[in-house]
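Biologist: I'm new to this one, so could you take me through the ligand site in detail? What touches the ligand there?

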Amino acid sequence: EEQEEDVLRELRLFLRNLTERLMLDRRFKAFVKPVDIEEVPDYLMVIQKPMDLSTLLSNIDEHKYVTIKEFMSDADLIWQNALEYNPDSDPADRHIRHRACALKDTMRVIVRDELDKDFQRVCEEIRESR
Ligand SMILES: CC(=O)c1nc(NC(=O)[C@H]2CNCCN2)sc1-c1cc(O)cc(O)c1
C-alpha cells in the first residue's frame, strides 16, 4: 500500500546517494561504466555477470531493489569481478585489486553507518510479503 511505496522510495534515495558518492570517488573510476569489450576483448570469457556503478543506478530507477541485500548482491559483483579478472602479481592487476577492495570496504561502511537497521527490516518484510 501507500506506506510501503513511501519506504521503497526512501530506500531508492539512499541507494542513489550511495551509488553517486561512489561514482564521484576517483579510486573507483574503472567501475563507473560497463567494461568496454573493445578495450578488454576476453572480459566476457572470464566474467559471467558484468556489473558497474552506472548499471546499478539504472537498476535503482527501474525499481529492481526492494532490500539492501538485493542491491548489495549486484554491487558486490563489481569488486568480485575485478578480483577475478585481475588475479596476477602484475602491478596493474594489484592496483585494480586494491581499488576493488576499497570499493567493497567503502560500501559496507556507508551501509553500516548510514542505513537504519529497523528500516532495513521493514524493507525485508515488504519483500517477504510480495
Ligand atoms: C574494470 C576491470 O576489471 C579492469 N581490469 C583490467 N585489467 C587489466 O587491464 C589487466 C589484466 N591482467 C593483465 C594486465 N592488465 S583493465 C579494467 C578496466 C579499467 C577501466 O578503466 C575501464 C574498463 O572498461 C576496464
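Modeller: Start with Asp93: an N or O atom in its side chain is 2.9 Å from a nitrogen atom of the ligand, which fits the rule for a polar contact (a pair of N or O atoms within 3.5 Å). Asn86 also uses its side chain, with an N or O atom 2.6 Å from a ligand nitrogen. With Asp36 it's a backbone N or O atom, 3.1 Å from an oxygen atom of the ligand. On its own the ligand has 540 Å² of accessible area, and the protein covers 67% of that (Shrake-Rupley method, 1.4 Å probe).

A word on the source: this is a predicted model, where local features need pLDDT of at least 70 and side-chain atom pairs count only at pLDDT 80 or more, while totals for chains, interfaces and linings use all residues. Residues are numbered from 1 along each chain as its sequence is written, and side-chain values use heavy atoms, with hydrogens and water left out.

Now the wider shell, meaning residues with a heavy atom within 4 Å of the ligand. Ala30, Val35, Asp36, Glu39, Tyr85, Asn86, Asp90, Asp93 and Ile96 surround the ligand. By class, that shell has 4 nonpolar, 1 polar and 4 charged residues; Ala, Val, Leu, Ile, Met, Phe, Trp, Tyr, Cys and Pro count as nonpolar, Asp, Glu, Lys and Arg as charged, and the others, Gly among them, as polar.

How values were computed. A polar contact is a pair of N or O atoms within 3.5 Å; within protein, one must be able to donate a hydrogen and the other to accept it, and residues adjacent in sequence count only if both atoms are side-chain atoms.
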